[in-house]
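Thanks for making time this morning. I would like to walk you through one structure, taking the enclosed spaces and then the helices packed beside one of them.

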Amino acid sequence: MVPDLKPYLCKNFQMKLLQKTQFLLLLTLFVWLPSFSQVTIIVNSIPANTPPGDPVYIAGSFNGWDPGNAAFQLTQDTTNNTRKIVLAAGTGTISFKFTRGNWTKVESNANGGFVPDRTFTYGNGDTVTLQILGWEDLSGGGGGQTSAAPNVSILSDSVYMPQFNRYRRVWVYVPPDYGSNNRTYPVLYMHDGQNVFDSYTSFSGEWKVDETLNDLHAAGDSGIIVVAVDNGGGARLDEYSPWVNPSYGGGQGDLYVDFLVQTLKPHIDSLYRTRPGRESTGIMGSSMGGLISTYAGVKFQQTFSKVGAFSSAYWFAGAKAYQHVTSTGKQADMRIYQLIGNPEGASYVADMHRMEDSLHAAGFGQGEVLSVEKSDGQHSEWFWAREFEAAYIWLYRTPATTPIEPKLSLPGVRLYPNPVREQLYVKLNLTQTQKVTVEITDLTGRSAGIIFSDTVQAGTQKLTINLKNQGLPAGIYLCHIKTRNAEAVKKFSYRGE
């Protein structure tokens with residue numbers, strides 16, 4: 001009997017067909033992959049006022065954000081007036097911008113304003129066609145008028161950062177009378193320099209630090225020098241956190257802080273009439289800038305004595321941000337001003353107070369840490385601009401004869417309830433009968449117009465301060481309790497009527 005070979009032959013044929021199909025798929029993939037392993041970027045339109053002969057460069061996460069690297073100059077095709085560059089094989093997402101050789105000549109929107117980093121993800125095609133709408137340094141046809149005050153200048157558009165092998169724009173504000181005297185000045189270092197002085201380089205508004213300080217100077221303030229460092233665009237999250245967030249990056253914060261302390265500060269001190277000591281040096285920022293400011297202030301207490309941390313993104317680092325504070329501990333007197341807006345979310349508010357508790361646990365006293373909540377504050381430049389003055393006054397206007405932390409020599413002083421709606425009770429434990437004055441001020445020390453004074457008997461006593469119908473807005477306040485030779489300062493929250 002002849003066996004039926006049909007099933008065997010069919011199966012053998014199917015296997016060979018499958019093998020051939022797999023081979024063809026692999027061959028196709030081998031041929032197809034290289035077209036997605038690199039990307040050609042074509043710029044088919046540039047502003048009409050671009051100076052003839054000016055080269056156009058691409059700077060991004062792939063070349064250390066170097067704005068004028070010859071290897072990343074776009075080639076020009078005069079036949080169709082386009083410029084292009086081929087970027088090498090890569091994976092993931094890259095960030096980049098176009099420049100004409102340095103960061104003062106970076107691309108802008110059509111009105112000359114800041115534009116966010118461009119991005120491209122490998123695998124989304126092999127050719128990208130883009131337009132450059134304007135240049136920040138040119139007016140008309142793209143470009144705009146600066147809103148920075150005349151006493152703001154750009155130290156350099158490409159300060160070298162040896163810790164990264166990168167370049168960065170750095171701004172400097174000096175008091176209006178800096179050129180007409182020989183005085184020395186305290187210094188404040190700030191992050192996200194694009195947003196500090198100039199609305200035309202900012203993404204969503206500016207802090208108006210120059211306008212605020214100029215107004216204060218006109219009213220008699222002696223002034224400070226402010227140094228603002230641009231963020232690194234796509235490298236911002238990496239540079240503003242010493243810890244890695246698994247979803248967003250980070251991990252280069254130590255290098256960034258080393259740049260500020262070891263490279264930039266000595267350079268500034270050599271060029272300007274600064275007071276280089278720690279007692280005159282502060283650091284300030286918002287969001288991720290608040291995170292890195294707190295970190296830098298605690299890590300380099302020998303360099304900084306003042307920290308401004310607005311809407312700090314402590315969530316980015318998680319428990320490590322607080323552990324760093326408690327493990328480092330207090331090494332010198334500090335002033336740390338924290339700010340949050342309640343609409344920013346309960347987690348932001350809770351994180352700020354958790355950092356306050358961590359700072360106290362590390363040894364920083366009640367008079368060294370001020371955490372301010374605002375009922376209308378948002379995660380935005382307008383909020384930080386509005387609140388900059390109060391933070392500056394608290395950080396920099398402490399008289400030399402006033403200790404940073406008051407001596408709380410009144411035993412048993414306690415405020416309750418806290419928060420309070422109508423009547424605030426002050427519990428005292430006096431060793432002798434004496435006159436006691438109680439005054440309510442805002443967080444900058446300005447009187448709220450509520451003052452109580454009376455002779456109080458020795459022993460445990462309770463004073464009643466009526467806040468109802470006093471016209472006091474809801475918010476955080478300080479209660480100053482004074483005797484002839486002692487003072488206590490307690491913070492409380494007033495909920496309003």
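The largest cavity holds about 70 Å³ of space, and, since I should say this early, the model we are looking at is a predicted one. In total the structure has 2 cavities of 30 Å³ or more. If you would like to find the largest cavity on the screen, look for its lining, which is made by M190, H191, D192, N195, V196, W207, M284, G285, S286, E381 and W384. Two elements, strand β16 at 281-286 and helix α9 at 381-396, each give at least two residues to that lining, and the largest share, 3 residues, belongs to β16. Sorted by class, the lining of the largest cavity comprises 5 nonpolar, 4 polar and 2 charged residues.

Let me turn to the second largest cavity, where the space comes to about 30 Å³. Its lining consists of W243, L291, T294, Y295, Y314, A321, H324, V325 and M355, and the elements that contribute two or more of these residues are α6, which spans 288-299, and α7. Here the classes are 7 nonpolar and 2 polar, with no charged residue in the lining.

How, then, do α6 and α7 pack, and at what angle? Their axes lie 10 Å apart and make an angle of about 15 degrees, which means that α6 runs roughly parallel to α7. The crossing of this pair is left-handed. On the α6 side the contact is made by L291, Y295, V298 and K299, and these meet A321, H324, V325 and T328 of α7. That contact of α6 with α7 contains 5 nonpolar, 2 polar and 1 charged residues.

Helix α7, residues 319-328, also packs with helix α8, residues 346-361, their axes coming within 8 Å and crossing at roughly 20 degrees. Because the angle is under 35 degrees, α7 counts as roughly parallel to α8. The crossing of α7 and α8 is right-handed, whereas that of α6 and α7 is left-handed. In this second contact, A319, A321, Y322, V325 and T326 of α7 meet D351, R354, M355, S358, L359 and A361 of α8, and by class the residues are 7 nonpolar, 2 polar and 2 charged.

To bring the two topics together, I would point you to A321 and V325 of α7, which take part in the contact with α6, take part in the contact with α8, and are among the residues that line the second largest cavity.

Key:
Residues are numbered from 1 along each chain as its sequence is written. This is a predicted model: local features need pLDDT of at least 70, side-chain atom pairs count only at pLDDT 80 or more; totals for chains, interfaces and linings use all residues. Side-chain values use heavy atoms; hydrogens and water are left out. Axes are lines fitted to C-alpha atoms, for helices over the stretch in contact, and angles run from 0 to 180 degrees between N-to-C directions. Helices (H or I, at least four residues) and strands (E, at least two) are DSSP runs, numbered from the N terminus. Angles under 35 degrees count as roughly parallel, over 145 as roughly antiparallel, 65 to 115 as roughly perpendicular and the rest as oblique. A crossing is left-handed if the near helix is turned anticlockwise from the far one by less than a right angle, and right-handed if clockwise. Contact means heavy atoms within 4.5 Å. Ala, Val, Leu, Ile, Met, Phe, Trp, Tyr, Cys and Pro count as nonpolar, Asp, Glu, Lys and Arg as charged, and the others, Gly among them, as polar. On a 1 Å grid over the protein atoms alone, a cavity is a set of points where a 1.4 Å probe fits but cannot get out, and a pocket is an open set with protein on both sides within 12 Å along at least five of seven lines; lining residues have an atom within 4 Å of a point. Grid points are joined across faces, edges and corners, and a volume is the space filled by probe spheres set on the points.
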